[in-house]
Amino acid sequence: MMQQKIVLVGGPGTGKSTVLKEFIKRGYQCMPEISRQVTLKAQEDGIDQLFLEKPLLFSELLLKGREKQYTDAESSDKKLIFFDRGIPDVHAYMDYLKTDYPDTYVEKSLQYKYDKVFMLRPWKEIYTQDNERYESFEQAIELDIFLRRAYESLGYSIIDVPFGSVEDRCDFILNLL
């Protein structure tokens, strides 16, 4: 059986996690976004915004976590596995911040390949900020550009998910798989 690893990408607040929750309800195996866990752990350790204060450390932790999610998925017997963000997101965000990072970031992105990339675009009507999502809507639009550039530079064809209900968005993705 050939497993397909499907990654949902897009700037903050585009509905990735909500779509993932719907896939979980439908019985699919999903790998959740881990940046919130990393951020909350740092806050427990007294660092308010690890991503802003120590972007390289934050990115190292994300890279390790996403690599582990990928290898965990490989040991699964599920045919379809959905990821809330992928390994290339790490260097896309570093490029956005204009922060230098080791070559291993791109090497890992080349080593661990996803079968399909679905992009959820910035959508003003659903965008919200919270304790772990500090970016403005304008920054989300800018991040969208860096994410698209990172995935396309690795040879991925990006499929844009249209705006609509969560169910419609999930159906759109499933119909293309």
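The exercises below work through the sheet, helices, aromatic pairs and backbone of a predicted model.

Local features are given only where pLDDT is at least 70 and side-chain atom pairs only at pLDDT 80 or more, while totals for chains, interfaces and linings use all residues. Residues are numbered from 1 along each chain as its sequence is written, and side-chain values use heavy atoms, with hydrogens and water left out.

**Exercise 1. The sheet**

Task: Give the strand order of the open sheet, and state which strands are at its edges.

Solution.
- Step 1. Strands are DSSP runs of E with at least two residues, and helices are runs of H or I with at least four, both numbered from the N terminus.
- Step 2. Two strands pair if DSSP finds at least two bridges between them.
- Step 3. The five strands come in the order β2-β3-β1-β4-β5, and the pairing is parallel.
- Step 4. β2 (29–31) and β5 (158–161) each pair on one side only, and these are the edge strands.
- Step 5. From one strand to the next, the twist averages 25°. Angles here run from 0 to 180 degrees between N-to-C directions, with axes as lines fitted to C-alpha atoms, for helices over the stretch in contact.

**Exercise 2. Strand β3**

Task: Describe the pairing of β3 with β1 and β2, and decide whether the residues of β3 are buried or exposed.

Solution.
- Step 1. Five bridges join β1 (residues 4–9) to β3 (residues 80–84) in the parallel sense. Q4 stands opposite L80, and K5 stands opposite I81.
- Step 2. β2 and β3 also run parallel, joined by three bridges. In this pairing C30 stands opposite F82.
- Step 3. Buried means under 20% relative accessible area, exposed means over 50%, and partly exposed is in between (1.4 Å probe, protein chains only).
- Step 4. L80, F82 and D84 point one way from the strand, I81 and F83 point the other way, and all are buried.
- Step 5. Because five of the five residues of β3 are buried, the strand is largely enclosed by the rest of the structure.

**Exercise 3. Helices on the sheet and on each other**

Task: Find which strands α1 and α4 lie on, then classify the angle between α1 and α8.

Solution.
- Step 1. Contact means heavy atoms within 4.5 Å.
- Step 2. Helix α1 (residues 16–25) lies across β1, β2, β3 and β4 (116–120), and runs at about 155° to β3.
- Step 3. Helix α4 (residues 55–74) packs on the sheet and touches β1, β2 and β3, with its direction at about 170° to that of β3.
- Step 4. The axes of α1 and helix α8 (residues 166–175) are 9 Å apart, at an angle of about 75°.
- Step 5. Angles under 35 degrees count as roughly parallel, over 145 as roughly antiparallel, 65 to 115 as roughly perpendicular and the rest as oblique. α1 and α8 are therefore roughly perpendicular to each other.
- Step 6. T18, V19, E22 and F23 of α1 make the contact with V166, E167, R169, C170, I173 and L174 of α8.

**Exercise 4. Aromatic pairs and charges over rings**

Task: State how many aromatic pairs the whole structure holds, and classify Y101–Y105 and Y151–Y156.

Solution.
- Step 1. Rings of Phe, Tyr and Trp (its six-membered ring) pair if their centres lie within 6.5 Å; planes under 30 degrees apart count as stacked, over 60 as edge-to-face and the rest as tilted.
- Step 2. The search finds eleven aromatic pairs.
- Step 3. Y101 and Y105 are stacked, because their ring centres are 5.3 Å apart and their planes are at 25°. Y101 is partly exposed at 22% relative accessibility, whereas Y105 is buried at 0%.
- Step 4. The pair of Y151 and Y156 is tilted, at 5.5 Å centre to centre and 55° between the planes. Both residues are buried.
- Step 5. Y70, F83, Y112 and Y114 are linked into a cluster by ring pairs.
- Step 6. A charge sits over a ring if NZ of Lys or CZ of Arg is within 6 Å of the ring centre and within 35 degrees of the ring normal. K113 lies over the face of Y156, 4.4 Å from the ring centre, and R149 lies over the face of F146, at 5.0 Å.

**Exercise 5. Positive phi**

Task: Locate R85 and K98 in their loops, and give the phi and exposure of each.

Solution.
- Step 1. Most residues other than glycine have a negative phi.
- Step 2. R85 is not a glycine, yet its phi is positive, at about 80°. R85 sits in the loop between β3 and α5 (88–97) and is buried, at 5% relative accessible area.
- Step 3. K98 also has a positive phi, near 55°. K98 lies in the loop between α5 and α6 (104–111) and is exposed, at 69% relative accessibility.
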